[in-house]
Amino acid sequence: MIKSLRNQLVVALGLLVSVIGVVQGVSSYQLSKAGMSALLDLRLEQVGARLRDGFAEVISQNPSRGSQDERDVVLVVWKPDSSVPFRTTDPSLHFPRDAKPGFSDSVVNGESWRIYTRQDPTMTIQVAQRSSVRRALTQENAAMTLWPIAVLLPLVWLAVVFVVQRSLRRLNRLGSEVQAIDAGHLQPLPTAGVSDEISPFIHSINTMIERLARSIDKERKFIADAAHELRTPLTALQLQADNLAPQIVQSNQERFQELRRGIARSSKLITQLLRLARADAPVGASPLVRVDLAEVVTGAVADVLPIALNRGLDIGAEEMIDAHVRAIETDIGMAVKNLISNAGRYTPDGGTIDLRMRRDGAMAWIDVVDTGPGIAQDALPRVFDRFFRANPDIEGSGLGLSIVKAIAARYGGDVTLRNRDDGRTGIVASIGFPVEETRTAEATAQHAATA
Ligand SMILES: Nc1ncnc2c1ncn2[C@@H]1O[C@H](COP(=O)(O)OP(=O)(O)OP(=O)(O)O)[C@@H](O)[C@H]1O
Ligand SMILES: [Mg+2]
């Protein structure tokens, strides 16, 4: 059973064309053979008629035996009341004189012959031809009719493959488009120029995309609302704990501090949840500005510098390049800060964190390289999953990288995380955005000025 629709069509159409070709070939072969046989018969008849018109005398009276070419016709003329032929072109052959008038087949001297016999009152005329010669002539001629089909059949197969492939190209393209749909970019598939057969599929897929987008949006709103609702009582709780602090007796201090840490953890989790819900939402009406990536990087480094110095971490930005991206500035800042925060949190005191920028085609990348322990290779593919933490010993909500990924996706960028491959342990976390070229920026500015 062939699974591929393309192969099914190619085989079915190819076989159909081949059967038609073979039937056509066989029938033209047979027709050609019959036609050639009729022509040869006509020739025997015409030669017989010439002999009656007085040409019989022209035949030599004593032809040497076996002097005739195999392919020639043999002529025999009999006079009435004579048991030997009056004239014959081959005396070694004795055809049955009483053969029925017209065409007959007989075996003479061990060979099969086609004989035309004409009975006239003054003479009997026989014109004969070897059946083997006739067969060779008719077959040779009929075989010629098979050439066009033999040449055309492979070409028709090629044409079938080409036509089927062309017709299914739209379907293949649709497959790739469906594959490219991801939860971050739920765009309906284009319907322009789609054939009638494919249109219902696209319509169903688009309806499904719409439903999916609605339910994802609902989920996002729910998370945002829940986080927002939780924030107020948690802030109140924190305030109450702060007020309560001076009244906690020494023996309960440790348990009280644990309670405060718990409140702080929950608070951080809710903040991260809110950030994720915001990063996941479409850009919407928020104004996009031209963000200088190098500025964001140096700003983020400056922000963490005091904490880093405190922990003996050597943090620095080098190889800055000139690259801009059209975005909400705080988004880019938050993404870079999240990566730096990870590097700082998971790198032991005294380690190094380097930030570098590089350009790769239309993308500008920011690499954050640390000297931490790295991540187990089998855990790497899951680090962008929500709430996934590869190292449960160190506190964290497991949402930072999900936020970074959502921000990258928001602007058509990407984020990757890999272990260092330069002989040291540590992580290379990279975030890339499509660069806004200066020319486009100028055009936008001009457009804004003239508008
Ligand atoms: N630079 C790094 N070095 C080692 N492990 C890392 C690094 N960055 C991320 N990880 C691992 O990936 C996990 C997921 O990171 P992510 O930033 O999403 O969450 P988190 O840091 O645990 O929490 P959050 O950032 O929300 O406070 C982390 O728990 C950590 O185990
Ligand atoms: Mg983190």
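**Figure 1. Asp 360 stands opposite Met 363 in the predicted model.** Met 363 belongs to β10. Strands β9 and β10 are antiparallel partners, paired over 8 bridges. Together, β9 and β10 form a hairpin. The hairpin has 2 residues between its strands. Gly 361 sits in the turn, with a positive phi of about 65 degrees.

**Figure 2. Strand β9 (residues 352-360) also runs parallel to strand β7 (residues 314-318).** The join between β7 and β9 consists of 5 bridges. One bridge can be picked out by residue: Glu 318 has Arg 356 of β9 as its partner. Strand β9 thus appears in two views, with a parallel join to β7 and an antiparallel pairing with β10.

**Figure 3. Helix α6 (residues 293-310) packs on helix α7 (residues 329-346).** The angle between α6 and α7 is about 50 degrees. Their axes lie 9 Å apart. Because of that angle, α6 counts as oblique to α7. The crossing of the two helices is right-handed. From α6, the contact takes in Leu 293, Val 296, Ala 300, Val 301, Asp 303 and Val 304. From α7, the contact takes in Ile 332, Gly 333, Val 336, Lys 337 and Ile 340. By class, the residues of the α6 and α7 contact are 8 nonpolar, 1 polar and 2 charged.

**Figure 4. Helix α7 also meets α8.** The axes of α7 and α8 cross at roughly 145 degrees and come within 9 Å. This crossing is left-handed. On the α7 side, the residues are Asp 331, Met 334, Ala 335, Asn 338, Leu 339 and Asn 342. On the α8 side, they are Gly 400, Leu 401, Ile 403, Val 404, Ile 407 and Arg 410. The contact of α7 with α8 divides into 7 nonpolar, 3 polar and 2 charged residues. Read beside the previous view, α7 has a right-handed crossing with α6 and a left-handed crossing with α8.

**Figure 5. Five strands make an open sheet in the order β2-β1-β5-β4-β3.** Pairing in this sheet is antiparallel. The edges are β2 and β3 (102-108), and each of these pairs on one side only. Strand β4 (residues 111-119) and strand β5 (residues 124-130) pair over 7 bridges, in the antiparallel sense. Within that pair, Arg 114 has Gln 129 of β5 as its bridge partner. In a regular strand, side chains alternate between the two faces of the sheet.

**Figure 6. Helices α1 and α2 lie across strands of the open sheet.** Helix α1 (residues 5-52) lies across β1, β3, β4 and β5. Its direction is at about 150 degrees to β5. Helix α2 lies across β4 and β5. The angle of α2 to β5 is about 55 degrees.

**Figure 7. Ser 104 of strand β3 is a buried serine.** Ser 104 has 11% relative accessibility, so it counts as buried. Beyond its neighbours within four places in sequence, Ser 104 is in contact with Ala 99, Trp 113, Arg 114 and Ile 115. Arg 114, one of these contacts, is also the bridge partner of Gln 129.

**Figure 8. Ser 131 of helix α2 (residues 131-144) is buried too.** Ser 131 counts as buried because its relative accessibility is 13%. With neighbours within four places in sequence left aside, Ser 131 is in contact with Ser 112, Trp 113 and Arg 114. Trp 113 and Arg 114 are contacts of Ser 131 and also of Ser 104.

**Figure 9. Asp 81 has a positive phi although it is not a glycine.** The phi of Asp 81 is about 60 degrees. Asp 81 is placed in the loop between β1 (74-78) and β2 (87-88). Its relative accessibility is 82%, so Asp 81 counts as exposed.

**Figure 10. Phe 387 is another residue other than glycine with a positive phi.** The phi of Phe 387 is near 65 degrees. Phe 387 is placed in the loop between β10 (363-370) and α8 (400-410). The relative accessible area of Phe 387 is 48%, so this residue is partly exposed.

Notes
Residues numbered from 1 in each chain as written. Chains lettered and ligands numbered in written order. Predicted model: local features only at pLDDT ≥ 70, side-chain atom pairs only at ≥ 80, totals over all residues. Heavy atoms only, no water. Axes fitted to C-alpha atoms, helices over the stretch in contact; angles between N-to-C directions. Helix = DSSP H or I, 4+ residues; strand = E, 2+ residues; numbered from the N terminus. Parallel < 35°, antiparallel > 145°, perpendicular 65-115°, else oblique. Left-handed = near helix turned anticlockwise from the far one by under 90°. Contact = heavy atoms within 4.5 Å. Nonpolar A, V, L, I, M, F, W, Y, C, P; charged D, E, K, R; others polar. Buried < 20%, exposed > 50% of the residue type's maximum accessible area, 1.4 Å probe, protein only. Pairing = 2+ DSSP bridges.
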